[in-house]
Structures are given as C-alpha cells and as structure tokens.
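Please open the model in your viewer and keep the selection tool at hand. The tour below moves from one selection to the next and says what is found at each stop.

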Amino acid sequence: MRPSTEPVFDRYVFLASAASGGLLVFAFPPFGFWPAAPAAVAMLSLIVHGRAAKTGAWYGWIFGLAFCLPLLYWSGTYVGVVPWLLLGLLESAFFALLGAGLAIVQRLPFWPAWSAALWVAQEAFRDRFPFGGFPWGRLAFSQPEGPFLPFAALGGAPLLTFTVALTGCLAARAFEASLRHGQMKIIALAAAGIVEVPLIGLAFSLLVHNGDSSRHENIAVVQGNVPRLGLNFDDQREAVLRNHVNETLKLAQQIKSGDAPKPRIVIWPENSSDIDPLDNPDAAAMINRAARAVGVPILVGAILDGPGEHVRNAGIVWDPKTGPGQMYVKRHPVPFGEYIPLRSIARKVTSKVDLVPRDMVAGDAVGSMKINGLTIGDVICFEVAYDGLVRSDVTHGAQILVTQTNNATFGRTAESPQQVAIAQVRAVEHNRANLVSSTSGISAVIAPNGKILKKTGIFTSDILDGPVPIQTGTTLATRLGEVPEWLLTAIGVGAIAAVGTLRVREALPQRTKTAQGTADDDRAKERV
C-alpha cells in the first residue's frame with residue numbers, strides 16, 4: 001500500500017497515538033495488566049498503516065512520549081523535572097524511528113512479522129545507545145505474568161518482545177482486513193495467530209522449571225531499610241549499615257533459638273555499606289560482628305573508594321573467619337546517576353549533576369562467585385535489565401541469580417516493582433532462582449518459573465529466609481545468547497531495505513520510459 005497524503009498532525013490520530021502509548025504503561029507495574037502490551041502494539045500499527053515514513057515517525061514519537069514519560073516518572077523523584085524530561089525525550093526518539101519503520105514495512109506482504117521484528121530492533125538499539133543504553137520499558141518486561149513469559153526460556157527477552165509484538169500486529173492486520181471489504185481469509189489467518197501465539201506460550205510453560213524437584217539450599221535475604229528517603233542517602237550511610245547489621249544479628253538469634261534455619265549465604269543489598277569497609281575499620285568491625293554471629297558468609301553491597309578520585313560499586317563476599325574475599329564490581333554504572341558523562345555540559349542543564357561528585361568506574365569481571373559451596377551470579381541494580389550481563393553469570397556457572405539493589409533514591413514509586421518484574425523474566429530466561437535484595441524497596445525470592453515465593457514491603461525491615469531451588473542446567477535462551485536478538489533485528493532492518501529495493505525497481509521502468517521518450521523527441525527535432 002502506498003503512503004497516504006494525509007496531514008501529519010491529524011488531531012484525532014494525534015490523540016490516538018498518545019492514547020496507545022499511555023495504554024502500554026498499564027502493562028507494566030504497578031498496574032501489571034499484561035494484555036495492554038499487545039493491544040498498544042496493535043493500536044500503533046493501525047495508526048501508522050498506509051502512511052508515509054515521516055508521518056509514521058511523528059506518531060511514533062507521540063506514542064513514545066505518552067509511554068516513556070509516565071513509565072519513567074520515578075527518575076525525577078528527587079532530581080527534578082528536567083532530567084526526567086530529558087530521559088523521556090531521548091527514549092521516545094527511538095519510538096519515532098520505530099514508527100517510521102513500521103510505516104515502511106507495512107507495505108510488504110506478511111507485514112505483522114516484519115513489524116514485530118522491528119520492535120526487537122528498536123529495543124536492541126535503545127538498550128545500547130547512548131552511553132550503553134537504557135533497557136527499561138521493553139515489551140518483554142511487561143510480561144512477568146501471562147502466557148507469553150515461557151518464550152523467554154527459548155529466546156530470551158528479545159523473543160518474548162517479538163511474540164508480544166507479533167500478537168498485537170496480527171490483531172491489527174485482522175482489523176485492517178475487516179475494513180477492506182471483509183477479507184475473510186486474512187482475518188481468519190490473523191485471528192488464528194492471535195490465539196495460537198499465547199497458546200504456544202502456555203504449552204511451553206510445561207517445560208519451564210518451577211524448581212520443586214531441584215536441590216534446595218537455605219539462603220537469607222536481609223532488608224535493613226533506611227532511616228529516611230531521598231538523595232541524601234550518603235549522609236545516613238552509617239545508620240543504613242547498622243540497620244543491616246542489626247537485622248542480621250536478629251537472624252542469628254532466630255537461628256540460635258531454632259525459629260529460623262541456618263542459611264548457606266546471607267545476602268545484603270547494594271549500598272548496604274556506603275562506608276568503604278576495606279578502608280574503614282569501624283565499618284569492617286560491624287560487618288565482622290554480623291558475619292560471625294550468623295556463622296556464614298555475607299554478600300555485602302559496598303561503595304569502595306578509588307582508584308584515584310573515583311569510586312566502585314561492589315558486592316563483597318565477607319567470610320565469618322577470614323573477612324573480605326571475592327568481589328564483584330558493577331560493570332555498567334548508570335550514566336548521570338553514578339557517573340556524569342560530559343560533566344561540564346551537563347552542569348549547564350542542571351546543577352543536580354553535583355549530587356554525583358565522584359564518578360563511578362566499571363568493573364570488568366563477571367559476577368559469578370563461589371560462596372560456601374554455591375555459585376551465585378551477582379548483578380547490581382539496573383544491570384538486571386541488560387541481557388548480556390545476566391547471561392554471562394549463568395554461562396560462568398551461576399546456580400542462582402542475585403540482584404543487589406538500592407531503591408531508596410526513588411521513594412515509593414513504581415521503580416522497585418518494575419525492577420522485580422525484570423528479575424522475574426530473568427529467572428525464566430535462565431532457569432534460575434533470582435534473589436532480589438533491596439535496601440528499602442521490594443526484596444523478593446523468585447522461583448525459576450518466575451513466580452514470587454516471598455517478598456517484602458517497601459521501606460520496611462525484613463528477612464526473607466528459607467529454601468531456594470538450585471539449578472545447573474541451561475535453557476535454550478542461555479545457550480543462544482544474542483543470536484535471537486540479532487536475527488530478529490536483521491529481519492526487521494532487512495524488511496526496510498527490501499521496501500527500498502522494490503521502490504527502486506518500480507522506478508526504473510518509469511525512468512527508462514521517460515528517457516526513451518526524451519530521446520525520441522530529440523530525434524524528431526533533428527529531423528525537423
């Protein structure tokens with residue numbers, strides 16, 4: 001179908017674009033209404049259908065703004081409106097490219113497949129650019145519940161995104177065909193796909209391991225809480241460390257009295273010690289006391305000084321006898337949150353950059369660490385959203401996943417439940433229990449099938465202890481790694497290239513005919 005010549009800013013279509021982006025927000029926590037994701041995809045597909053690429057880009061951008069700004073409102077909780085708006089504008093730009101691409105590939109036969117692949121391509125680029133990307137808000141992460149989730153075990157988050165998008169695009173194709181003189185064959189095929197894709201997911205759910213038949217080991221997750229909310233978290237760091245020590249001492253008393261099983265490992269969250277315990281004897285003494293009382297190693301989240309004027313975000317294995325040992329240093333610090341790119345320019349935009357006075361440097365080793373006979377795979381905070389970081393832990397032998405996080409700087413917003421939803425997808429993707437350990441947000445014990453076995457409230461002190469399934473086998477998604485993402489991305493981008501090639505071929509005969517006519521006219525003039 002050739003693009004129409006309708007005006008770019010049709011107010012009704014403008015409102016529909018905003019409504020469809022807003023609808024997608026409801027697929028994510030705190031709402032968690034998973035059918036909203038394919039429905040939003042269907043709406044955007046219909047909005048850009050038959051339009052020029054430029055028009056599709058405008059409507060895709062409106063969709064992106066209506067989605068990204070509400071979804072990411074927590075990013076401005078304590079830093080103000082400007083950083084939140086800039087993040088929303090940046091992320092929505094990728095949806096503008098998506099809208100243009102969808103308008104182009106819908107001129108091809110079987111366009112729902114090419115369109116769904118473009119959703120994967122959009123996420124692949126958004127996850128990497130700029131400054132390492134920001135994967136929040138992927139379609140896959142809206143599906144910790146529902147029939148699509150098992151696809152994560154087959155092709156990871158990219159395949160999960162593809163199946164959600166394909167279902168929405170098939171729904172749009174069925175609707176579009178019904179408007180075009182009731183094309184019953186197309187309607188029937190699209191409707192069959194809408195039903196079959198989720199049913200296939202439900203069938204695959206039988207293959208997703210719930211961990212019941214696994215070997216189980218007792219592990220404790222400690223949430224110590226923070227005295228108060230806000231960005232002045234550093235000012236209360238000794239109190240935060242003391243909170244986690246006290247909760248661990250409480251656990252030790254429960255073990256001694258027989259009210260709690262003795263764990264193999266105790267997990268503390270990110271920033272549970274903002275005082276560098278490798279440099280501060282008082283902090284080290286407090287952690288030593290907790291470790292000796294409980295009698296097992298503690299994975300401590302700590303901010304470490306150095307190298308030079310920089311800092312590192314680390315998970316340190318603290319043994320009750322030998323003290324600090326193995327260490328994982330966060331490999332993907334958050335730009336503008338843990339380090340400031342282009343600091344002099346960023347300061348002209350907002351003075352809030354000075355809240356990060358020392359840039360954090362990245363580690364280069366995977367988070368797989370052997371602790372008391374178990375191999376854990378550690379990722380820190382937003383790292384759980386990056387496919388390769390989580391997968392590398394599993395390929396290096398992790399039997400369980402650990403997500404250390406600090407949600408204190410996001411208040412009582414949806415950031416914490418959104419992060420737990422991502423951790424649920426990761427559990428299914430790699431067939432590993434995932435332990436989310438937060439200072440004050442939601443800590444959770446997630447089974448390999450993505451079900452939450454236990455969780456805490458927000459801004460409470462609590463201990464999650466008990467048996468956790470230990471897995472060793474790998475899923476197809478783990479073995480394939482980035483292959484599904486790059487394959488689907490290539491298909492989507494290739495579809496755009498195919499449209500360009502077809503248009504060139506269509507133009508050649510017309511150009512040849514025009515050139516021939518011009519030559520005939522010239523010969524006629526010569527005869528005259």
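Helices (H or I, at least four residues) and strands (E, at least two) are DSSP runs that are numbered from the N terminus. With that naming in place, select Pro130, which lies in the loop between H5 and H6, and look at the peptide bond that leads into Pro130 from Phe129, which is cis with omega near -15°. This is a predicted model, in which local features need pLDDT of at least 70 and side-chain atom pairs count only at pLDDT 80 or more, while totals for chains, interfaces and linings use all residues. Residues are numbered from 1 along each chain as its sequence is written, and side-chain values use heavy atoms, with hydrogens and water left out.

**Backbone stops**

A second cis peptide bond can be found by selecting Pro29 and Pro30, where omega is near 10°; Pro30 belongs to the loop between H1 and H2. Go next to Asn271, which is not a glycine and yet has a positive phi of about 65°. Asn271 sits in the loop between strand S2 (265-267) and helix H9 (281-294), and its relative accessibility of 9% makes it buried (buried means under 20% relative accessible area, exposed over 50%, and partly exposed in between, with a 1.4 Å probe and protein chains only). Asn372, in the loop between strand S6 (368-371) and strand S7 (374-380), also has a positive phi, near 50°, but Asn372 counts as partly exposed at 37%.

**Aromatic pairs**

Now display the rings of Phe, Tyr and Trp (for Trp, the six-membered ring), which pair if their centres lie within 6.5 Å; planes under 30 degrees apart count as stacked, over 60 as edge-to-face and the rest as tilted. The structure holds 17 such pairs. Select Phe26 and Phe31, whose ring centres are 4.5 Å apart with planes at 45°, so this pair is tilted. Phe26 is partly exposed at 40%, and Phe31 is partly exposed at 48%. Then select Phe28 and Phe67, another tilted pair, with centres 5.6 Å apart and planes at 40°. Phe28 lies in the loop between helix H1 (11-25) and helix H2 (36-48), whereas Phe67 lies in helix H3 (residues 53-71), so the pair ties together parts that are 39 residues apart in sequence. Phe28 is buried at 3%, and Phe67 is buried at 0%. Add Phe63, Phe95 and Trp119 to the selection, since ring pairs link these with Phe28 and Phe67 into a cluster.

**Nonpolar cores**

A nonpolar core is a set of buried Ala, Val, Leu, Ile, Met, Phe, Trp, Tyr and Cys residues joined through side-chain atoms within 4.5 Å. The largest core here has 99 residues, of which Leu24, Trp119 and Trp136 touch the most other members. Helix H6 (residues 152-179) gives the most to this core, with 11 residues. A second, separate core of 28 residues includes Val245, Met286, Ala290 and Ala291. Returning to Trp136 and leaving aside neighbours within four places in sequence, you will find that its contacts (heavy atoms within 4.5 Å) include Leu71, Trp74, Arg126, Phe382 and Ile422.

**Salt bridges**

For the last stop, show the charged side chains, taking a salt bridge as a side-chain nitrogen of Lys or Arg within 4 Å of a carboxyl oxygen of Asp or Glu. There are 19 salt bridges in the whole structure. Glu91 and Arg126 form one of them, with the closest N and O atoms 3.1 Å apart; Glu91 lies in helix H4 and Arg126 in helix H5, so the pair ties together parts that are 35 residues apart in sequence. Both of these residues, Glu91 and Arg126, are buried.

Which residues does Glu123 touch, not counting residues up to four places away in sequence? They are Arg138, Leu139 and Thr161. Glu123 belongs to helix H5 (residues 111-126) and is buried at 2% relative accessibility, and its side chain meets that of Arg138 in a salt bridge (3.6 Å, N to O). Select Arg215 and Glu217 for another salt bridge, at 2.6 Å from N to O, in which Arg215 is partly exposed at 41% and Glu217 is buried at 14%. Finally, select Glu123, Asp127, Arg138, Asp387, Arg426 and Glu429 together, as salt bridges that share partners join these residues into one network.
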